[in-house]
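Subject: Structure for your review

Hello,

Please find the structure below, as discussed. My notes on it follow.

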Amino acid sequence: MDEAVGQHRLSWQTARIDALQALTPRVMRVVLRPDRWVRPRPGQHLDVRLTAEDGYQAQRSYSLLSPPQRTGLYELGIERLDDGEVSTWFHDKAQHGETIEVLGPVGGHFVLDESNTRPALLIGGGSGVVPLLSMAAQRVGAYSQAHTTLLVAARHLDEVLLWPTLQRWEAFTPRFRSRLALSRDTCAPRAQDHVGRIDGADVAWALQQLGDVATESAQVFICGRNDFVESIVHMVTGLNVPEASIRTERFGS
């Protein structure tokens with residue numbers, strides 16, 4: 001395993017499926033052991049390529065769920081898309097020990113490097129929370145002194161990725177806080193959570209958790225579908241967070 005390999009030298013390689021675990025009704029944790037491991041930056045993704053017996057290939061990009069500390073392995077959080085060639089294969093056909101091809105980690109814009117000590121506000125909708133969980137895991141695991149708040153939008157509590165882990169992180173360090181917005185549940189699990197969509201009050205609360213100067217100093221990462229990201233960016237800038245401090249990752253229509 002060579003973690004010093006630069007991104008300019010990355011090429012397609014074989015990775016073995018080490019584990020498959022359902023995290024929610026529609027998201028699968030896929031643990032991969034590559035031939036050559038490259039230390040990722042929190043927020044990066046892998047390109048995955050499947051090749052059928054007749055030579056047909058399908059390729060997709062998936063955000064890394066695991067933090068850089070997970071040496072030798074990559075974890076992906078893959079949401080099942082009913083018309084998705086690759087995602088349905090992982091959910092319905094993939095087996096422990098099978099090999100696939102991967103390229104990466106790749107991506108340099110939507111990353112929260114380990115050296116970054118700015119307060120961070122992470123806002124994700126659905127499976128868009130996957131790269132944000134990698135960022136948060138890195139900070140918690142490294143005993144970071146930087147404050148981090150995670151806002152999660154989901155329909156139901158059983159669709160919140162790593163929900164037990166979020167609670168453990170909050171018990172472990174006062175520098176990590178989370179808040180859930182559950183659009184289709186009838187009750188919220190904690191006092192800081194609520195039923196409904198993420199709104200301006202959620203974003204204001206999250207910024208407050210980051211400290212008195214969070215509006216000026218915080219870095220904001222937003223990931224989700226296009227309409228979700230647009231809505232959240234509007235809320236964040238409406239609270240006077242500079243646009244230069246906001247980074248987004250979008251998918252879907």
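Setting aside neighbours within four places in sequence, Thr148 is in contact with Ala120, Leu122, Arg139, Arg175, Phe176, Arg177 and Leu210. Bear in mind that this is a predicted model. Thr148 lies in strand E8. Its relative accessible area is 4%, under the 20% cut-off, so Thr148 counts as buried. One polar contact links the side chain of Thr148 to the side chain of Arg139, at 3.0 Å.

Overall layout

The domain assignment splits the chain into domain 1 (13–106) and domain 2 (120–250). Taken over C-alpha atoms, the centres of domain 1 and domain 2 are separated by 25 Å. On the domain 1 side 17 residues take part in the contact, and on the domain 2 side 16 residues do. About 1300 Å² is buried between domain 1 and domain 2, and carbon and sulfur atoms give 65% of that area. Of the area that domain 1 buries against domain 2, 31% is supplied by Pro42, Leu65 and Gln69, which is more than any other three residues supply.

The antiparallel sheet

One open sheet has 6 strands in the order E4-E3-E6-E1-E2-E5, and the pairing is antiparallel. Its edge strands, each pairing on one side only, are strand E4 (57–63) and strand E5 (74–79). From one strand to the next the twist averages 40°. Helix H1 (residues 85–92) packs on this sheet and touches E1, E2, strand E3 (45–51), E4, E5 and strand E6 (99–106). The direction of H1 makes about 80° with that of E4.

Strand E1 (residues 13–22) pairs with strand E2 (residues 27–34) over 7 bridges, in the antiparallel sense. Within that pairing, Ala19 has Val31 in E2 as its bridge partner.

Strand E3 is largely enclosed by the rest of the structure, because 6 of its 7 residues are buried. E3 runs antiparallel to E4, and 7 bridges join them. Thr51 stands opposite Gln57 in E4. E3 and E4 make a hairpin with 5 residues between them, and Gly55 in the turn has a positive phi of about 95°. E3 also pairs with E6 in the antiparallel sense, over 4 bridges. There, His45 has Val106 in E6 as its bridge partner. Pro105 is found in strand E6 too, and the peptide bond that joins Gly104 and Pro105 is cis, with omega at about 10°.

The parallel sheet

The other open sheet to note has 6 strands in the order E10-E9-E8-E7-E11-E12, and here the pairing is parallel. Strand E10 (194–195) and strand E12 (246–251) are the edge strands, each pairing on one side only. Strand E9 (residues 176–182) pairs with E10 in the parallel sense over 2 bridges, and Ala181 stands opposite His194 in E10.

Two helices that lie across strands of this sheet are listed here.

- Helix H4 (residues 200–209) lies across strand E7 (120–125), strand E8 (148–154), E9 and E10, and runs at about 160° to E8.
- Helix H6 (residues 226–238) lies across E7, E8, strand E11 (219–225) and E12, and runs at about 155° to E11.

Loop residues

Asp199 is found in the loop between E10 and H4. Its relative accessible area is 31%, so Asp199 counts as partly exposed. Leaving aside neighbours within four places in sequence, Asp199 is in contact with His194 and Met235. From Asp199 to Phe110 the C-alpha to C-alpha distance is 23 Å, with the two positions 89 residues apart in sequence numbering.

Which residues have a positive phi although they are not glycines? Tyr143 is one of them, with phi at about 55°, and Asn240 is another, at about 70°. Tyr143 sits in the loop between helix H2 (130–141) and E8, whereas Asn240 lies in the loop between H6 and E12. Tyr143 counts as exposed because its relative accessibility is 59%. Asn240, at 62% relative accessibility, counts as exposed as well.

Regards

Terms used:
Residues are numbered from 1 along each chain as its sequence is written. Side-chain values use heavy atoms; hydrogens and water are left out. Two strands pair if DSSP finds at least two bridges between them. Contact means heavy atoms within 4.5 Å. Axes are lines fitted to C-alpha atoms, for helices over the stretch in contact, and angles run from 0 to 180 degrees between N-to-C directions. Buried means under 20% relative accessible area, exposed over 50%, partly exposed in between (1.4 Å probe, protein chains only). A polar contact is a pair of N or O atoms within 3.5 Å; within protein, one must be able to donate a hydrogen and the other to accept it, and residues adjacent in sequence count only if both atoms are side-chain atoms. Domain bounds come from an automatic or database domain assignment. Buried area is the accessible area (1.4 Å probe) that two parts lose on being put together, summed over both.
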